[in-house]
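Visitor: Please take one part of this model and look at it closely with me. Then go on from there to a few other places.

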Amino acid sequence: MMQPSGKQYVVTRPLYSEDSFVEQYEKVVRKRKTLLDHIRLYFTCDSKRAKNAALSLLPIIGWLKIYRVKEWLLSDIVSGISTGLVAVLQGLAYSLLASIPPWYGLFTAFFPVIIYFFLGTSRHISVGAFPVLSLMVGATVTKLVPDDGPPVNITGFEGLSMDQQRVIVAASVTFLMGVFQLALGLVQVGFIVMYLSDTLVSGFTTAAAVHILVSQLKFILQLKVPGLSGPLSIIYTLEYIFTQITDTNICDLVTALVVMVVVFVVKELNDRFKSKLPVPIPVEVIMTIIACGVSYAFNFKDKYGVDIVGKIPTGYESPMAPNLDIIQRTAVEAFPIAIVGFAVAFSVAKVYAVKHDYLIDGNQELIAFGVSNMFGATFKSFAASTALSRSAVQESTGGKTQIAGLLSAVIVMIVTLAIGYLLEPLQKSVLGAVVIVNLKGMLMQVREVPYLWRKDRPDCVVWVVTCLASILLGLDLGLAVGLGVELLSVVFRTQFPRCSTLANFKGTDIYRDRKDYHSVNEPYAVKIFRIPSPIFFANIEFFRSKLVESVGFNPLRVLRKRNKALRKIRKMLKKGELRITEKGLQNTGHFPIEESGDESNMEDLDQPTDFSGLPVQVNWNSELPGNICVPRVDIHSLILDFSAVSFLDISAMKGLKTALKEFIRVDVDVYIVACDPYIIKKLHGCNFFDEEIETSLFFLTVHDAMLHILEKHPYSPTIDSVCEKVRTATQGLLGEKSPETRF
């Protein structure tokens with residue numbers, strides 16, 4: 001057992017109720033801003049606010065002023081070239097997930113990066129295609145333009161090939177995604193990402209990795225599998241794959257397996273020796289170049305019928321306006337894509353911001369990604385966010401600012417304008433293999449489940465439900481289900497908090513849960529009850545039931561029993577069946593007296609006990625005449641610890657007021673301690689106090705309330721050590737108005 005440190009402190013101060021504390025210490029009167037004040041302030045403009053707004057909207061101004069050319073430029077150049085090569089490869093690969101021709105992935109690795117360079121606040125993330133977003137866009141694309149059957153009747157599709165139609169769908173969805181992100185950023189709701197917990201995002205991205213893995217099997221095996229979306233689409237996709245498994249192209253399969261093995265092994269070596277390597281080995285780029293050369297040299301397309309990237313157009317296409325018909329049909333799909341894209345990018349940006357000690361702005365990030373996606377969509381790129389592996393390359397190769405990102409875009413532009421034709425012999429199975437190998441990090445998140453089960457089971461349930469729902473129902477519905485389960489878990493945690501009864505450590509002012517320690521003592525005839533959550537409409541009844549369980553009796557039942565007993569006593573006195581003696585009320589005869597079962601006038605039974613007209617005060621804890629039985633009340637005081645109660649709503653106030661009155665009417669003094677001043681102010685404003693419930697029941701701390709109880713009940717046969725300590729510490733002071741305490 002750990003021994004005390006020997007350090008002590010002694011505090012001498014008056015005993016404080018909330019009323020006495022307010023009387024002694026004057027509060028600062030603060031003027032609360034009204035909604036009109038906030039609106040007026042928001043639209044007020046001066047030179048300082050204009051400067052801050054410009055710096056906020058163009059973060060590049062802030063970090064360019066501190067840019068160290070001699071120290072950072074070379075690192076940014078090396079990082080930009082490395083990241084650019086990876087961006088080219090991932091752009092080609094992830095476009096397959098979006099169900100559009102591979103070269104449009106190069107557009108996604110170029111246009112959004114240019115805009116983010118000026119508007120983004122993160123200096124280290126690499127903007128471009130992200131597999132989860134690509135898959136979500138691909139699900140929308142194949143829904144409107146399926147592999148089999150005619151496309152949905154959309155204005156503007158006339159005379160276009162299937163690939164052209166799909167590109168228009170992907171670009172329009174991306175534009176709408178950008179609109180949502182920009183709108184959320186302008187109305188300053190970047191905090192919305194807080195509702196996507198790390199657990200939910202982990203379960204969701206793991207499910208997305210499973211979808212991505214299944215979607216790439218058709219490229220690795222070269223099978224004709226239609227793009228499916230919606231609930232159970234992954235099951236139907238696997239059914240298509242297994243029914244055609246005998247048609248597998250062996251050349252594609254062998255090539256993909258070789259690439260996966262080599263890339264996996266080298267990546268493991270990169271991780272193991274990252275402290276010794278100046279830069280990670282760009283194994284994906286190397287294997288892609290080798291595979292491309294081998295495919296060209298041995299003419300795999302003609303000899304073995306492999307599926308290759310094919311002709312890559314040189315240059316960029318002219319900008320296009322989004323298709324309004326598609327936007328109307330895809331609003332439901334675009335919103336979760338916008339949220340997921342921002343959540344992933346912001347999570348990665350936070351990691352690097354903490355590591356390199358600078359700040360990022362969630363609202364500005366929404367604006368940056370919104371404008372980036374809108375601008376990119378006009379040039380037929382698809383949804384952009386950040387890929388974890390690509391951002392890791394940019395940071396680990398020495399990238400200091402988004403100049404590295406800009407240089408990576410330059411590398412992509414060179415490939416698009418000059419040397420893209422060199423990638424034409426590249427097998428799609430190689431791109432699929434690269435995608436699958438890069439899923440390792442997301443798939444290995446499944447290892448979190450046993451840890452979560454041991455440490456936090458509600459979080460584990462959120463992870464498992466989100467993952468399974470996203471796998472079986474699709475990513476959009478799965479995200480909605482996961483978010484619903486997450487919010488329900490929060491509600492359940494607050495609706496059913498772990499309430500406790502507190503006890504005191506000998507010779508201290510420390511109170512803890514009596515079930516957690518051996519050397520604690522409960523005050524005699526006093527209960528100290530703590531609820532560690534807000535009290536609101538959903539948990540007020542739970543609070544009251546736990547309070548009744550803690551004190552050991554139901555005050556309303558006791559009150560009704562007492563009032564019924566008083567009725568009976570009055571009748572018996574009137575009939576002469578009772579007489580008053582020195583020992584109290586006694587029967588005049590030897591016959592038993594039946595307790596009345598009359599349940600009429602129940603409202604009267606809930607009122608305070610009325611002893612008017614009785615010649616003697618009834619001692620409810622003594623033996624009553626006949627067989628009249630009233631439950632005993634073994635406490636005279638109840639302390640409610642509100643230190644963890646952050647708010648009360650109207651329903652909770654009504655329930656609390658009712659509960660307090662029930663205890664007060666059975667002669668139990670109730671005290672509320674450590675209550676937030678905001679709550680007390682709200683109680684005043686809602687007419688909480690009356691003749692029965694007074695402001696004097698509020699005290700600053702549990703110990704203040706205990707000292708007050710000791711003063712009020714000085715002759716209690718206490719067995720509680722705190723009271724013994726208080727008697728010693730406050731000897732001679734109990735007669736004063738504000739006794740001092742030493743502990």
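Guide: We start at one loop and the helix after it, then turn to packed helices.

This is a predicted model, so local features need pLDDT of at least 70 and side-chain atom pairs count only at pLDDT 80 or more, while totals for chains, interfaces and linings use all residues. Residues are numbered from 1 along each chain as its sequence is written, and side-chain values use heavy atoms, with hydrogens and water left out.

Begin at N299. It lies in the loop between helix 13 (283–297) and helix 14. Helices here are DSSP runs of H or I with at least four residues, strands are E runs of at least two, and both are numbered from the N terminus. Most residues other than glycine have a negative phi. N299 is not a glycine, yet its phi is positive, about 50 degrees. Its relative accessible area is 33%, so N299 is partly exposed. Buried means under 20%, exposed means over 50%, and partly exposed is in between (1.4 Å probe, protein chains only).

Now step into helix 14, residues 300–304. F300 and Y304 both sit there, 4 residues apart, about one turn of the helix. The structure holds 32 aromatic pairs. F300 and Y304 form one of them, edge-to-face, with 5.5 Å centre to centre and 75 degrees between the planes. Rings of Phe, Tyr and Trp (its six-membered ring) pair if their centres lie within 6.5 Å; planes under 30 degrees apart are stacked, over 60 edge-to-face, and the rest tilted. F300 has 11% relative accessibility, so F300 counts as buried. Y304 has 47%, so Y304 counts as partly exposed.

N687 also has a positive phi, about 55 degrees, although it is not a glycine. Its loop runs between helix 29 (677–685) and strand 12 (698–699). At 62% relative accessible area, N687 is exposed.

Next come packed helices. Helix 23 (residues 457–473) and helix 24 (residues 475–495) pack at about 160 degrees, with axes 7 Å apart. Axes are lines fitted to C-alpha atoms over the stretch in contact, and angles run from 0 to 180 degrees between N-to-C directions. Helix 23 and helix 24 are therefore roughly antiparallel. Angles under 35 degrees are roughly parallel, over 145 roughly antiparallel, 65 to 115 roughly perpendicular, and the rest oblique.

Helix 9 (residues 162–186) and helix 17 (residues 362–378) pack at about 155 degrees, again with axes 7 Å apart. They too are therefore roughly antiparallel.
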